[in-house]
2 protein chains.
Amino acid sequence: MKRELFDIPEGVIYLDGNSLGAPPKHVAERMQEVVKHQWGTRLIRSWSEGWWEAPQRIGDRIGRLIGAAPGQVVVGDSTSVNVFKALMGAVKGTDRTEIVCDESTFPTDGYIAQSAASLAGLKIRAAHPSSLDLTDETAVVLLNHVDYRTGALNDMRALTEQAHEIGAQVVWDLCHSAGVLPIELDALNVDFAIGCTYKFLNGGPGSPAYIYVPHEKQAGFDNPLSGWNGHREPFAMQPSYEPDPGIVRARVGTPDILSMLALDAALDVWDDVDLAELRQRGLALTALFREHVRKLTSLEIITPEARGNQISVRCPDAKAVMDELIARGVIGDHRPPDILRFGFAPLYVTDEDAITAAEVLAEITR
Amino acid sequence: MKRELFDIPEGVIYLDGNSLGAPPKHVAERMQEVVKHQWGTRLIRSWSEGWWEAPQRIGDRIGRLIGAAPGQVVVGDSTSVNVFKALMGAVKGTDRTEIVCDESTFPTDGYIAQSAASLAGLKIRAAHPSSLDLTDETAVVLLNHVDYRTGALNDMRALTEQAHEIGAQVVWDLCHSAGVLPIELDALNVDFAIGCTYKFLNGGPGSPAYIYVPHEKQAGFDNPLSGWNGHREPFAMQPSYEPDPGIVRARVGTPDILSMLALDAALDVWDDVDLAELRQRGLALTALFREHVRKLTSLEIITPEARGNQISVRCPDAKAVMDELIARGVIGDHRPPDILRFGFAPLYVTDEDAITAAEVLAEITR
């Protein structure tokens, strides 16, 4: 849809935007401006010329892509740290006894959930989204919108309702769905959401993550990482912590401005993207690749019909096959033990890319 | 000592390197290489071409500046997040009942200490480094090496011994001392240390912080933020968290590579710096400024003789005076209620800068 805006090297079919999105061309120039002018010339003054508020401003830009009205998303820290904030915030003061975590989750969510449960004195229980078995002991459920291995799309509306019916809260991990399809956090009354920005949003390697805390939850949200950036008056240098009344309380320490402003630049390409149209392109690209893989190979496709922008294929010797694919210019990745993953970012992946990738995969696995 | 390597704007006397260090000239070019080549051309492959190990590699570079042998420092996250890791790690499993926090600390350390104490079920007590009153109930003491307001240098050797004598651990905050004077973490048997990299180390706005966990503490160090980057086998995607045996367990989520590699570039200027010589230059510069302020003004200097690279001056209308100083090209900063701060980074501040700054201050406050 916007391939001309991206730097994709000659001869490369890039199907790993679900792991690290490609850079929009103008990001390099913006970084020069940030380093030379904002940092170099303006020096400390830049903190009051846009840097300090960047986490909220960029949070609002992401908010538009995930169905969050302004003032409910803030950017900063890693996904793991934001999972910690969301879970600790969700269980604070609860008299319920368990955190339920998607058993197929990307591991870091589960690792952090274990630590949060331990610190808060709750049990952790792993369950598949298809059979969560929530009870009135469930304080919060941590779910992935799109499964990182299979690409399966979970039903955010149904699962959020299922949690709410029993009085539990839900934390959605949007790492593999933001920038893939329209998301409606506000409309679905989601309690908390977190996500990274370096996959389909193309924010750059390890670009800062974000957290969504809806307006009605903010006053009761206790950030366990009560750093000075979340203080009501950070520059008053008061001895005790008084959180900002709004989303700013989800901030922690001084934000990583270079990574954050690269993300800011990268988000420019999203300003006029119609997410419904993007979704159709993503479905078309993944369907096209799937069709050709089915036609040309006997490999098992494990991605279900309800999916994100990813097709996952079971394949013996997945690592060796992916190495060979990469050697031939088709870049995806693999996950243990035997999964090849192919991500289709509609902003820069073409129909021809999808077809050629399937053909090369067929040649290698023939 | 190395002014020619830095971008300092014409007509500016920059005395705020204690808040945001100036950029070494080559950082902008390095960022181009990182964005265009590493991210743009190599794409996901860069993760196995140096990105993944960057937090340890850059940690070792900082280690040289703070007296830590390799394998004990890792870079990532903000200072606040690293204070949380260090304190939670220090109190894990303790049967002691209090955390003692420097009452003059930069606020975020105190805010985080409050949260850590609350989560771990300990009390928090604020005390001045000169009268800590440690008891056998003290689990850990959180101290600043150099006070952010006054520039006072605390005696790391004496205070560490004082804590150890009573069986308490110590966490040192090096934000205002790294890059100022030789630090000997290993030699002084420090338990934990943390610090930022955007002040005297010139890593860039909000560049990632670091944590020091000495070898003998690593096996017992439980990172409360048990993200996948700290796992023994992160790419095995195992369901349960098994920490890396070494310093890697202090990592959390995916590192912010652009900010981190800007820091990496900035550290190049430190490679051949003799820290003892640097210390002498810092003392000379601050003494020169102090002498001229004393001679030309009647303002009270609150920085004691034992100091970092900073001179702090009490001044009514501190904000208005600093605004005027900045308007005349002398950039320092102010802290409430009435403190002017002037930082002297020997790598790029000259004797002439120090004298002129005192003269301009005298003109304004005459």
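In this predicted model, L275(B) sits in helix 8 of chain B, which covers residues 275-296. The relative accessibility of L275(B) is 12%, so the residue counts as buried, the cut-off being under 20%. Beyond its neighbours within four places in sequence, L275(B) touches R64(B), L65(B), P182(B) and W270(B). Its relation to V27(B) can be stated in two ways. Along the sequence, L275(B) and V27(B) are 248 residues apart. In space, their C-alpha atoms are 22 Å apart.

H145(B) belongs to a loop of chain B. That loop runs between strand 5 (138-144) and helix 5 (156-165). H145(B) has a relative accessibility of 5% and therefore counts as buried. Neighbours within four places in sequence are again set aside. The contacts of H145(B) then include A152(B), L153(B), N154(B) and M156(B). W172(B), D173(B), L174(B) and S177(B) are also in contact with H145(B). So are L181(B) and I183(B).

Chain A was examined as a whole. Its secondary structure consists of 10 helices and 13 strands. The C-alpha atoms of chain A fill a box of roughly 65 × 55 × 35 Å along the principal axes. The radius of gyration of chain A is 21 Å. A compact globule of 366 residues would have a value near 21 Å, so the two agree. Of the 366 residues in chain A, 66% are buried. Contacts between residues at least 6 apart in sequence were also considered. In chain A, 71% of these join residues at least 24 apart.

The surface and charges of chain A complete this overview. Chain A exposes about 12300 Å². Carbon and sulfur atoms supply 49% of that area. The chain carries 34 positive and 51 negative charges. The mean positions of these two sets are 2 Å apart.

Helix 10 of chain A spans residues 351-365. Its 15 residues, at 1.5 Å a residue, should span 21 Å. The end C-alpha atoms of helix 10 are 21 Å apart, which agrees with that expectation. Several residues of this helix are buried, namely D353(A), A354(A), A357(A), A358(A), V360(A), L361(A), A362(A) and I364(A). Their cover comes from several elements of chain A. Among them are helix 8 (275-296) and helix 9 (318-327). Strand 1 (13-14), strand 11 (330-331) and strand 13 (339-343) also contribute to this cover.

Some backbone angles call for comment. Most residues other than glycine have a negative phi, and most peptide bonds are trans. L43(A) is not a glycine, yet its phi is positive, near 50°. L43(A) lies in the loop between helix 1 (26-41) and helix 2 (54-66) of chain A. Its relative accessibility is 0%, so L43(A) counts as buried. N202(B) is another non-glycine residue with a positive phi, here about 65°. N202(B) occurs in the loop between strand 7 (192-195) and strand 8 (210-212) of chain B. At 0% relative accessibility, N202(B) counts as buried.

Cis peptide bonds were found in both chains. In chain A, such a bond joins P336(A) and P337(A), with omega about -5°. P337(A) is placed in the loop between strand 12 (333-335) and strand 13 of chain A. In chain B, the bond from P336(B) to P337(B) is cis, and omega is near -5°. P337(B) lies in the loop between strand 12 (333-335) and strand 13 (339-343) of chain B.

Notes: Residues numbered from 1 in each chain as written. Chains lettered and ligands numbered in written order. Predicted model: local features only at pLDDT ≥ 70, side-chain atom pairs only at ≥ 80, totals over all residues. Heavy atoms only, no water. Helix = DSSP H or I, 4+ residues; strand = E, 2+ residues; numbered from the N terminus. Expected span 1.5 Å × (residues − 1). Buried < 20%, exposed > 50% of the residue type's maximum accessible area, 1.4 Å probe, protein only. Contact = heavy atoms within 4.5 Å. Rg over C-alpha atoms; globule rule 2.2 N^0.38 Å. Areas by Shrake-Rupley, 256 points an atom, 1.4 Å probe, with all protein chains shown as cover. Lys, Arg positive; Asp, Glu negative; His and termini not counted. Charge placed at Lys NZ, Arg CZ, Asp CG, Glu CD.
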